[in-house]
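I opened a notebook page for this structure. The entries below follow the order in which I looked things up.

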Amino acid sequence: MLFLQLPLLLALLVGGDNEQNKNSVPEGFQEPISFEVICVLSFHNSSWVQSLGSGWLGELQTHGWKSNSGTFIYLWPWSKGNFSNEELMELQNYLHTNFVRFVQAFYSHARKWQFEYPFEVQIAEGCELHAGEVPVGFMRIAYQGSDFLSFQNKSWVSSPEGGKRAQVLRRLFNLFRGAQEIIHKLLSDTCPRFLLGLLDAGKAYLQRPDHHSSMGWIALAVIVTLVLMAGLAFWLWKHWTHRESPSSVLPLE
């Protein structure tokens with residue numbers, strides 16, 4: 001994300017025996033195997049943003065996210081994978097810090113970038129494993145559901161659908177060379193290690209014969225919940241527009 005500046009994370013980013021792990025998809029798992037973090041930011045006005053974050057192992061949700069406190073929610077006993085509590089805390093603090101900065105950047109430049117309230121930004125980042133191949137990392141940003149920016153080969157690329165606004169953001173994001181190196185390491189090193197740790201820690205559950213049917217019910221429940229939350233968010237937005245000074249869900253200082 002924007003303004004990624006946490007050198008202390010370098011030990012986490014380069015930790016582990018990556019050469020040994022990066023091509024080894026555990027036996028018994030179908031390919032491709034992916035882990036993805038999704039964040040949806042709903043900017044209702046210049047002082048109120050709602051966020052919904054989640055982590056997914058394939059079609060199974062493994063993590064939630066409390067944006068106000070910046071803490072992970074571990075939905076399964078094995079959701080920590082094989083990362084230590086210290087590593088998870090560093091990663092958690094890192095993501096929260098840059099989440100806040102990302103939101104502040106959109107608030108600060110909304111008028112300049114011609115974003116009209118209310119608007120929504122979707123962020124997806126993660127990695128995918130194929131046996132015998134180098135992991136594929138990805139990070140994509142969408143605006144109002146349309147492709148906007150993507151991270152490719154250590155730099156940001158604007159989507160044709162994003163028009164001039166996406167080109168402006170691409171040039172701005174690409175000014176932060178150190179940030180791009182950190183993003184690359186997160187996607188190519190940290191994410192595959194975490195994904196393999198999840199598969200190992202959750203192997204007993206993930207390889208159960210009834211796992212796929214249970215995943216279907218879980219996915220359905222998550223979809224229903226998201227639909228209900230979207231409806232509630234719309235109702236709240238309509239309600240708050242009649243008030244003179246809406247409160248902010250996320251502190252801007």
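Before listing strand partners I fixed the term: two strands count as paired if DSSP finds at least two bridges between them. The model is a predicted one, and I read every entry below with that in mind.

Entry, strand partners. I looked up β1 and β2 and found that they run antiparallel, joined by 10 bridges. The link between β1 and β2 is a hairpin of 2 residues. For a single position I took V40, and its bridge partner in β2 is L52.

I then went on to β3, residues 60-66, which is antiparallel to β2 and joined to it by 5 bridges. Here I noted that L57 stands opposite L60 of β3. The hairpin of β2 and β3 also has 2 residues between its strands, and in it G58 takes a positive phi near 65 degrees.

Entry, burial of β2. Is β2 largely enclosed or not, and why? I counted 7 buried residues among the 10 of β2, residues 48-57, so the strand is largely enclosed by the rest of the structure. For that count, buried means under 20% relative accessible area. I also kept a general reminder that side chains in a regular strand alternate between the two faces of the sheet.

Entry, nonpolar cores. The largest core holds 28 residues, and the members that touch the most others are L41, F43, F106 and V121. I listed the elements that supply at least two residues each: β1 (33-45), α3 (85-109), β5 (119-129), β6 (136-143), β7 (146-152), α4 (163-173) and α5 (177-201). Of these, α3 gives the most, with 6 residues.

I picked F106 for a closer look. Leaving aside neighbours within four places in sequence, I found F106 in contact with F43, W113, F115, F119, V121 and L169. Two of these partners, F43 and V121, are also named among the core members that touch the most others.

There is a second, separate core of 19 residues, and F35, L57, L88 and L199 are included in it. L57 had already come up as the residue opposite L60.

Entry, whole chain. I recorded 7 helices and 8 strands for the chain. Of its 253 residues, 43% are buried. Among contacts between residues at least 6 apart in sequence, 62% join residues at least 24 apart. The chain exposes about 13700 Å², and carbon and sulfur atoms supply 57% of that area.

Conventions
Residues numbered from 1 in each chain as written. Predicted model: local features only at pLDDT ≥ 70, side-chain atom pairs only at ≥ 80, totals over all residues. Heavy atoms only, no water. Core = buried A, V, L, I, M, F, W, Y, C linked by side-chain atoms within 4.5 Å. Buried < 20%, exposed > 50% of the residue type's maximum accessible area, 1.4 Å probe, protein only. Helix = DSSP H or I, 4+ residues; strand = E, 2+ residues; numbered from the N terminus. Contact = heavy atoms within 4.5 Å. Areas by Shrake-Rupley, 256 points an atom, 1.4 Å probe, with all protein chains shown as cover.
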